[in-house]
Amino acid sequence: MAHPQILSYPMLPAERRAVIGLAAIFSTRMLGLFMVLPVLAVYAYELPGATPFLVGLAVGAYGLTQAIFQIPLGFLSDRVGRKPVIYGGLGLFVLGGAVAALAIDVYWVILGRTLQGSGAIAAAIIALTVDLTREEVRTKGMAAIGISVAFSFALALVIGPMLSGWLGMQGLFWLTALLGLTGILILATLVPNPKFSTTHREAEPAPDQLSGVIGDPILRRLDLAVFLLHLIMVSLFVVLPLSLREAGLDTGAHWQVYLPAVLIAIPAMLPFILLAERRGQTREVLVGSVAALLLAMLGFYSFNHSPWLMGLMLAVMFTVFNLLEAILPALVSKAAAAGAKGTAMGVFSTAQFIGAFCGGMLGGLAHEHFGANAVYLVGAGIALVWLGLATTMPLPENLLRHVLVLDAVTLQDAADLQQRLLSIPGVREAVVAQDEGVAYLKVDSRLIDWATLQAFAATRS
């Protein structure tokens with residue numbers, strides 16, 4: 001029998017509407033957050049008080065507040081509801097865009113970017129997706145949101161420079177505020193209200209699991225990996241726009257470099273994903289990716305006089321970035337204990353945004369004290385350290401996650417059910433979540449008999 005969770009279940013009209021609306025909200029916010037990234041380092045120097053350090057801080061400031069608030073706002077959405085938290089987060093995003101657009105000096109831009117990051121609604125959106133979809137189609141809904149985010153990031157890098165040539169930095173920030181208002185309108189008109197909300201441990205953080213997740217050695221190494229990835233990527237954007245301009249390419253024309261790099265990177269990463277997932281060569285792909293990152297940063301240092309050679313380095317960077325953005329969360333999913341995926345992903349995302357903040361700050365410091373080219377060398381040095389760590393990084397077992405839907409179970413029944421599930425050959429971990437009416441499992445696909453497992457579940461329904 002095939003894995004029951006990969007059988008095709010169609011979405012209901014209300015579920016499609018919810019997923020389309022929530023994906024649109026997520027992607028419009030991410031588009032607004034990142035389309036200033038490839039041009040901010042150039043325009044910020046026109047503001048009073050601008051220094052390389054403060055410009056770097058402006059580039060990465062969103063990461064600090066995003067990291068601070070995303071897990072707490074997820075917890076808050078369990079108490080006050082999903083939509084109020086999402087409305088509030090989008091409102092902060094709009095306010096941040098307006099503050100940055102009206103900035104009279106670089107400090108106001110930093111404040112605006114900080115406010116934009118504080119509207120950290122990712123956990124609340126994921127939780128609302130859980131509330132509005134059935135277990136059988138939830139993976140499709142999550143995948144749709146993930147694809148929309150990846151697409152919006154790629155689009156932001158291309159249209160940001162293009163629009164800045166027409167609108168200027170002030171107009172670009174006003175556009176980010178407009179995108180936030182668009183998200184509010186979508187939430188009000190397209191996304192249904194859930195009949196009830198519940199914590200879902202595979203999709204959102206649970207407070208009682210934080211210490212266990214943070215203490216897991218494999219998860220810690222994966223958190224460090226995404227921290228370093230975003231640190232290097234954001235530090236790059238502190239000086240790359242300046243290098244492209246000094247190489248003779250007008251800021252409004254930077255999209256001519258970004259667009260080919262993005263178009264090359266998307267198909268280029270696919271063979272490596274297949275190698276990692278289907279051929280079992282995850283370690284080799286990870287080590288090779290970090291090595292390519294190291295070479296790309298050295299390439300930026302060596303060839304910063306040519307926009308087209310920098311474009312080639314960008315294609316390598318984006319390929320590695322997109323590849324690791326796919327592989328690292330998959331490894332987190334495999335490493336997290338049964339029923340703890342939501343918490344593990346929450347900590348992982350927090351590490352990612354702390355990396356973005358540190359990348360802006362470190363890039364600004366290196367630029368201020370040692371010059372723009374030093375930022376590329378710092379990134380290469382960090383990649384070299386990461387390369388050493390990647391070669392010895394322990395990898396999680398290749399176990400599948402499965403959610404068994406149950407009816408209400410008494411506490412005594414839950415304890416007995418957990419032991420009976422663990423006695424089935426191939427079931428490696430089992431956690432019965434009585435409040436959710438499900439059992440979270442990790443199973444060995446080589447040993448498990450799906451028919452037996454589903455029949456077992458059927459006796460409880």
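**Helices, salt bridges and a patch in a predicted model**

At the start of helix H5 in this predicted model, a side-chain oxygen of Asp 105 comes to within 3.0 Å of the backbone nitrogen of Tyr 107.

Q: How far apart are the end C-alpha atoms of helix H5, and what span is expected for its residues?
A: Helix H5 covers residues 106-118, which is 13 residues. At 1.5 Å a residue, the helix should span 18 Å. That agrees with the distance between its end C-alpha atoms, 19 Å.

Q: Which helices help to cover the buried residues of H5?
A: The buried residues of H5 include Val 106, Val 109, Ile 110 and Arg 113. Gly 112, Gln 116, Gly 117 and Ser 118 are buried as well. Their cover includes helices H1 (13-34), H2 (37-43), H3 (52-80), H4 (82-101) and H7 (135-189).

Q: Which helix gives the most to the nonpolar surface patch?
A: The patch is made by Leu 295, Leu 298, Tyr 301 and Leu 377, with an area of about 360 Å². Tyr 301 lies in helix H11. Three residues of the patch come from one helix, the one that gives the most: H11 (residues 282-302).

Q: Is Tyr 301 buried, partly exposed or exposed?
A: Buried means under 20% relative accessible area, and exposed means over 50%. Tyr 301 has 37% relative accessibility. Tyr 301 therefore counts as partly exposed.

Q: Which parts of the chain does the salt bridge between Arg 428 and Glu 397 link?
A: The closest N and O atoms of Arg 428 and Glu 397 are 2.9 Å apart. The two residues are 31 residues apart, and the pair links distant parts of the chain. Arg 428 sits in strand E2 (residues 427-433), and Glu 397 in the loop between helix H14 (372-392) and strand E1 (400-405).

Q: What is the relative accessibility of Glu 397, and what does it count as?
A: Its salt-bridge partner, Arg 428, is partly exposed, with a relative accessible area of 39%. Glu 397 has a value of 46%, so Glu 397 counts as partly exposed.

Q: Why can Asp 416 and Arg 420 point the same way?
A: Both residues lie in helix H15 (residues 411-422). An α-helix has 3.6 residues a turn, so residues three or four places apart point the same way. Asp 416 and Arg 420 meet in a salt bridge at 3.7 Å, N to O. Their separation is four residues, about one turn of the helix.

Q: Asp 444 forms a salt bridge with Arg 446; is Asp 444 buried or exposed?
A: The closest N and O atoms of this pair are 2.9 Å apart. Arg 446 counts as exposed, at 72% relative accessibility. Asp 444 has 4%, so Asp 444 counts as buried.

Q: Which residues are linked in a network of salt bridges?
A: A search of the whole structure finds six salt bridges. The residues linked in a network are Asp 78, Arg 82 and Asp 131.

Q: Which residues does Ile 273 touch, not counting residues up to four places away in sequence?
A: Ile 273 is found in helix H10 (residues 255-278). At 21% relative accessibility, Ile 273 counts as partly exposed. Its contacts on this count are Arg 278, Leu 323 and Ala 326.

Methods:
Residues numbered from 1 in each chain as written. Predicted model: local features only at pLDDT ≥ 70, side-chain atom pairs only at ≥ 80, totals over all residues. Heavy atoms only, no water. Expected span 1.5 Å × (residues − 1). Buried < 20%, exposed > 50% of the residue type's maximum accessible area, 1.4 Å probe, protein only. Contact = heavy atoms within 4.5 Å. Polar contact = N/O pair within 3.5 Å; in protein donor to acceptor, adjacent residues only side chain to side chain. Patch = residues over 30% accessible without salt bridge, like charges linked within 9 Å, V, L, I, M, F, W, Y side chains within 5 Å. Areas by Shrake-Rupley, 256 points an atom, 1.4 Å probe, with all protein chains shown as cover. Salt bridge = Lys/Arg side-chain N within 4 Å of Asp/Glu carboxyl O.
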